[in-house]
Amino acid sequence: MEKEAKQKVIKEFAIKDGDTGSADVQIAVLTSRILELTDHLKTHPKDKHSRRGLIGLVNRRRKFLKYLSRTQHDRYTKILASLKLRR
């Protein structure tokens, strides 16, 4: 993921200035990395190491989503809608 693209995602989903660690930002960054890896695996289907990394990213995003749904359900529904994720 390029630095400019990551900064754009962080700026879009940040709750306040300088926010890089909130669950919203983490979910958005993980989603963009997941989409990039998915495209990579479409062209390189035998890349098993990247597939394993993708599974780890998906699991980490799932944990963040579970935390957000438990603690702040309104932000959870908002981020699902903005990232077009199914749940």
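Buried means under 20% relative accessible area, exposed means over 50%, and partly exposed lies in between. Keep those cut-offs at hand for this tour of a predicted model.

**Stop 1: the whole chain**

Start with everything shown as a cartoon. You should find four helices and zero strands, running α-α-α-α from the N terminus on. Along the principal axes, the C-alpha atoms fill a box of roughly 40 × 30 × 20 Å. The protein has 87 residues, and buried ones make up 31% of them. If you display contacts between residues at least 6 apart in sequence, 46% of these join residues at least 24 apart.

**Stop 2: the salt bridge**

Next, select Arg75 and Asp24 and show their side chains. The two form a salt bridge, with the closest N and O atoms 3.1 Å apart. Arg75 belongs to helix α4 and Asp24 to helix α2, so this pair ties together parts that are 51 residues apart in sequence. A search of the whole structure finds one salt bridge, so you can leave this pair on display as a landmark.

Now apply the cut-offs to each partner. Arg75 has 23% relative accessibility and therefore counts as partly exposed, because partly exposed starts where buried, under 20%, ends. Asp24, at 9% relative accessibility, counts as buried.

**Stop 3: the largest pocket**

Keep Arg75 and Asp24 selected and add Glu12, Phe13, Ala14, Ile15, Lys78, Ile79 and Ser82; together these residues line the largest pocket. Two elements, α1 and α4, give two or more residues to this lining. Colour α4 to see the element that gives the most, with four residues. The pocket has a volume of about 160 Å³. Colouring the lining by class will show four nonpolar, one polar and four charged residues.

**Stop 4: Phe13**

From the pocket lining, pick out Phe13, which lies in helix α1. Is Phe13 buried or exposed? At 14% relative accessibility, Phe13 counts as buried. Leave aside the neighbours within four places in sequence, and Phe13 is in contact with Asp24, Val25, Ala28, Ile79, Ser82 and Leu83. For a sense of scale, draw a distance from Phe13 to Tyr67: the two are 54 residues apart along the chain, and their C-alpha atoms are separated by 17 Å.

**Stop 5: the nonpolar cores**

Phe13 also leads into the largest nonpolar core, which has 15 residues. Select Phe13, Ile27, Leu65, Leu68, Ile79 and Leu83 to see the members with the most contacts inside this core. The helices α1 (3–13), α2 (23–43), α3 (48–71) and α4 (73–83) each supply at least two of its residues. Which helix provides the largest share of this core? That is α2, with five residues.

Centre the view on Leu83. Setting aside neighbours within four places in sequence, Leu83 is in contact with Phe13, Ile27, Ala28 and Thr31. Then move on to a second, separate core of five residues, including Leu30, Ile34, Leu41 and Leu57.

**Stop 6: Lys84**

Finish at Lys84, found in the segment after α4. Its relative accessible area is 74%, so Lys84 is exposed. Look at the backbone here too: phi of Lys84 is near 55°, a positive value in a residue other than glycine. Most residues other than glycine have a negative phi.

How values were computed
Residues numbered from 1 in each chain as written. Predicted model: local features only at pLDDT ≥ 70, side-chain atom pairs only at ≥ 80, totals over all residues. Heavy atoms only, no water. Core = buried A, V, L, I, M, F, W, Y, C linked by side-chain atoms within 4.5 Å. Buried < 20%, exposed > 50% of the residue type's maximum accessible area, 1.4 Å probe, protein only. Contact = heavy atoms within 4.5 Å. Salt bridge = Lys/Arg side-chain N within 4 Å of Asp/Glu carboxyl O. 1 Å grid on protein atoms, 1.4 Å probe; cavity = no way out; pocket = protein on both sides within 12 Å on 5 of 7 lines; lining within 4 Å. Points joined across faces, edges and corners; volume = space filled by probe spheres on them. Nonpolar A, V, L, I, M, F, W, Y, C, P; charged D, E, K, R; others polar.
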